[in-house]
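Here is a quick walk through a few parts of this structure. Have the sequence and the 3D view open as you read.

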Amino acid sequence: MTTSDDDGGSGAARRSIRVDALTRVEGEGALDLEIDGGRLTAARLRIYEPPRFFEALLRGRSHLETPDITARICGICPVAYQMSSVHAIEDAFGVRIGGPLRALRRLLYCGEWIESHALHIVLLHAPDFLGLPDGIAMARDHGDALRDGLALKKAGNEILRVLGGREIHPVSVRPGGFHRLPRRAERAALAETIAAVRDRAWRLARWTATLPVPEFERPYEFVALRHPDEYPFNEGRLISSGGLDLDIADFDAAFEEFQAPHSTALHARLRGRGAYLVGPLARYALNFDRLPGAIQNLARECGLGTVCRNPFRSIVVRAIEIVYACEEALRILAALPDDLESGAAFVPVAPRAAVGTGCTEAPRGFCWHRYEFAEDGSILTARIVPPTSQNQATIEEDLRAVAEPLLDRDDETIRIHCERSIRNHDPCISCSTHFLRLAVRRS
Amino acid sequence: MSTRPRLAVWKFASCDGCQLSLLECEDELLALAQAVEIARFAEATSTVLPGPYDVSLVEGSITTEHDARRILEVRAQSRVLVAIGACATAGGIQALRNFGDVNAFAAAVYPSPQFLATLATATPISAHVPVDLELRGCPVDKEQLLELIAALLAGRRPAVAGYSVCIECKRRANVCIAVQGTPCLGPATHAGCGAICPAFRRGCYGCFGPMETPNMPALTAQWQQAGMTPGAIRQALRMFTAAAPEFAAESERHDD
């Protein structure tokens, strides 16, 4: 971070702070704060991650290649892209997946939630509350929590490896199902692995509840999927705390995307209302009643109500979701038929000229895809709306709310609080289109 | 001052998956953090120490003027520079723009493409600066990554094979899916993944890029016999290492 003074042409002394790196996030971004006469006049999250043009390079590609290609949007949550893709493809071609194949998709998503949330909790987020530079530094005084987190992360990754061959960019997902189904011995070993870390998940949740959390709340409009019976992964309607309730195909009726000059990520807003929040806080608030009673009790024990509007407490909500994902994975594994691998690994998907929409709950919020296909199943146009681009506007409002009471404090204090408030939402910046560069201008 | 080797991790255009592979070493992470001094690894730590660095791991491809300048600075600060992953060694999936018109790509995605600063190409790190070692894969294999770091610590060359996925597939005792009629890039693809795709009953899609001296015409002739159209052959070669010279040249041979 460098601090400099300049006149900025206004005649008044202007102070600017530049932080060359927002750390412990995924991707590249910068933050600009402008302070004028003791007032915060602008707070901008500037994403300068180089554009990779996925929607363009998908044009002309086969539906069979789509989940492999979209996985490469993000190394932390490839499954989210694979799942939204296959659901959009199946929607276009009139296929609905039920039974064990549907259950296995939920299981794969459990793996991604566990590994991604555990990574976020112990390696990216918890150090903020402990005043440490990184998760590795937790080994000395918070070794149990670190080891719990790493063990959970490993177990989540084991789900991805057994079902998909590897942790990052698994290879098994295809339209209609999977390329190969896990064998009985593999499933039994996996169930043992998850059962062995289940207690760690409960312990980690209780530990996150002991972290010192700032008193801070915001009146978010939460948006998440909601399913009639389940805590949402792959399916549901898009609902909001502001009364929204629509089919995923009608996304454009309620939401609009727009481009801001300061970002390579498209922003999104609710038509007529503005910023909204997706991710763990939204899912939890809108789907508390879909959590098993024991996990609801754990949430209460961890100091959460049925709705949590404190973004710093998102670390507790993530931990609760890890508990849920572990329990759900065990439930799914136990319910799979013994002769699973004797069945078909996928159902045939016959392409046709059509449009399809898919929307699933990535660890950081819902990820919406829409494809228009030619008769041969090649993509004519693609649209992908990832969680981080949806949350950009809300993150900017959080930054404003966090920074405003601190304007008379030193630049370093403001920087630390701003960086923390970004990590509350754990932006997956590569998804949305890198290090945070903070520039504070005071005049 | 620490006498441990100083490690830096850098990101260019990528999905972060290759550097994330380091964090996926759950069992080895703490040992790794003791064996090397993590001087710069933005995704993992807020500690940012100035160069020079003994080893730089570089992820991602070069797609902007800014990054083309930044990689020169990274090289200048690094004793050993290792390019990790398909983006850093072959341009990655975003190198598909090299076969098209980047302005058309931008216009297809952004309402106001004039706000973007981007190059017409996505190029590997070696196209810009001398690279000491390359580790393939989309993503890199974490065992290979650990082998690379262990070798660098021991002052030896890493044991990374140059042969094809076929050898790994035989070791894994997979039944050959190409023989069963499924087009597979395994015979031409660099080893390293452990032949995952054939083990999952699908053809290799070449995410580790071309092996040393692949026989591309022989492979595509076999694909043609299996019924693949020139268009399908071209697409199969244009995936995560589309700009690797061997795959790029063969895909152009199958242009309409």
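In β14(A), A:Ala382 is the bridge partner of A:Tyr371. Keep in mind while looking at that pair that this is a predicted model.

**The sheet in chain A**

The pair belongs to a bigger arrangement: β13(A) and β14(A) run antiparallel and are held in register by six bridges. They make a hairpin, with five residues between the two strands. Look in that turn for A:Gly377, which has a positive phi of about 85°.

On to the other neighbour of β13(A). Strand β12(A) is joined to β13 (residues 365-373) of chain A by nine bridges, again antiparallel. One spot to click on is A:Thr360, whose bridge partner in β13(A) is A:Cys367.

Put together, the three strands make an open sheet in the order β12-β13-β14 (chain A), with antiparallel pairing. β12 (354-362) and β14 (379-385) of chain A are the edge strands, each pairing on one side only. From one strand to the next, the twist averages 15°.

Here are the two strand pairings side by side:

| Strand pair | Bridges | Sense |
|---|---|---|
| β12(A) and β13(A) | nine bridges | antiparallel |
| β13(A) and β14(A) | six bridges | antiparallel |

What lies across these strands? Helix α12 (residues 387-403) of chain A does, covering β12, β13 and β14 of chain A. Its direction is at about 125° to β13(A).

**A helix pair in chain B**

Now hop over to chain B. Two packed helices are described by the angle between their axes and the distance between the axes. For α9 (residues 216-225) and α10 (residues 230-237) of chain B, the axes come within 10 Å and cross at roughly 135°. α9(B) and α10(B) are therefore oblique to each other. The crossing of α9(B) past α10(B) is right-handed.

Which residues meet there? From α9(B) come B:Met216, B:Thr220, B:Trp223 and B:Gln224, and from α10(B) come B:Ile233, B:Ala236 and B:Leu237. Sorted by class, this contact has five nonpolar residues, two polar ones and no charged ones.

**How far to trust chain A**

Chain A has an average pLDDT of 89, and 90% of its residues score at least 70. Two stretches call for care. Over residues 1-13 of chain A, pLDDT stays under 50, and the model has 29 contacts for them beyond four places in sequence. Residues 431-437 of chain A are also below 50, with 53 contacts in the model beyond near neighbours in sequence. Where pLDDT is low, the predicted coordinates should not be read in detail.

Notes
Residues numbered from 1 in each chain as written. Chains lettered and ligands numbered in written order. Predicted model: local features only at pLDDT ≥ 70, side-chain atom pairs only at ≥ 80, totals over all residues. Heavy atoms only, no water. Pairing = 2+ DSSP bridges. Helix = DSSP H or I, 4+ residues; strand = E, 2+ residues; numbered from the N terminus. Axes fitted to C-alpha atoms, helices over the stretch in contact; angles between N-to-C directions. Contact = heavy atoms within 4.5 Å. Parallel < 35°, antiparallel > 145°, perpendicular 65-115°, else oblique. Left-handed = near helix turned anticlockwise from the far one by under 90°. Nonpolar A, V, L, I, M, F, W, Y, C, P; charged D, E, K, R; others polar. pLDDT = per-residue confidence, 0-100.
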